[in-house]
Amino acid sequence: MPSQMEHVMETKMFTFHKFVGDKGYLTKEDLRVLMEKEFPGFLENQKDPLAVDKIMKDLDQCRDARPLAPQ
């Protein structure tokens, strides 16, 4: 029987791949859609209209507009 952590990781990976599709990485728009669907209250409750931009910048370590690309 999988542990709670294994179940969480499986869900995280499934969700990521659902939004990544065949291209293998998230675009800024993909990230926005993911957040709108999976964290519906997050963007609505943000006081900073650039919240997604800031998250993208933090996640885009290679600065190629492809955050969270799987290895």
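These legends accompany several close-up views of a predicted model.

**View 1. The whole chain is built from helices without strands.** Four helices and zero strands make up the secondary structure here, and from the N terminus on the elements follow the order α-α-α-α. Of the 71 residues in the protein chain, 21% count as buried. If you are curious about how the chain folds back on itself, take the contacts between residues at least 6 apart in sequence: 38% of them join residues at least 24 apart.

**View 2. Nine residues form the largest nonpolar core.** Look for Phe16, Phe19, Val20, Leu26 and Leu31, together with Leu34, Met35, Val52 and Met56. Helix 1 (4-20), helix 2 (28-38) and helix 4 (51-59) are the elements that each give two or more residues to this core. As background, nonpolar side chains in soluble globular proteins tend to be buried together.

**View 3. Four residues make a nonpolar patch on the surface.** Met5, Val8, Met9 and Met13 are the members, and the patch covers about 400 Å². For the wider setting, the protein chain exposes about 5,900 Å², with carbon and sulfur atoms supplying 56% of that area.

**View 4. Here is a closer look at valine 8, a member of the patch.** Valine 8 sits in helix 1. Is this residue buried, partly exposed or exposed? Valine 8 has a relative accessible area of 44%, so it counts as partly exposed, a class that lies between the cut-offs of under 20% for buried and over 50% for exposed.

Conventions
Residues numbered from 1 in each chain as written. Predicted model: local features only at pLDDT ≥ 70, side-chain atom pairs only at ≥ 80, totals over all residues. Heavy atoms only, no water. Core = buried A, V, L, I, M, F, W, Y, C linked by side-chain atoms within 4.5 Å. Buried < 20%, exposed > 50% of the residue type's maximum accessible area, 1.4 Å probe, protein only. Patch = residues over 30% accessible without salt bridge, like charges linked within 9 Å, V, L, I, M, F, W, Y side chains within 5 Å. Areas by Shrake-Rupley, 256 points an atom, 1.4 Å probe, with all protein chains shown as cover. Salt bridge = Lys/Arg side-chain N within 4 Å of Asp/Glu carboxyl O. Contact = heavy atoms within 4.5 Å.
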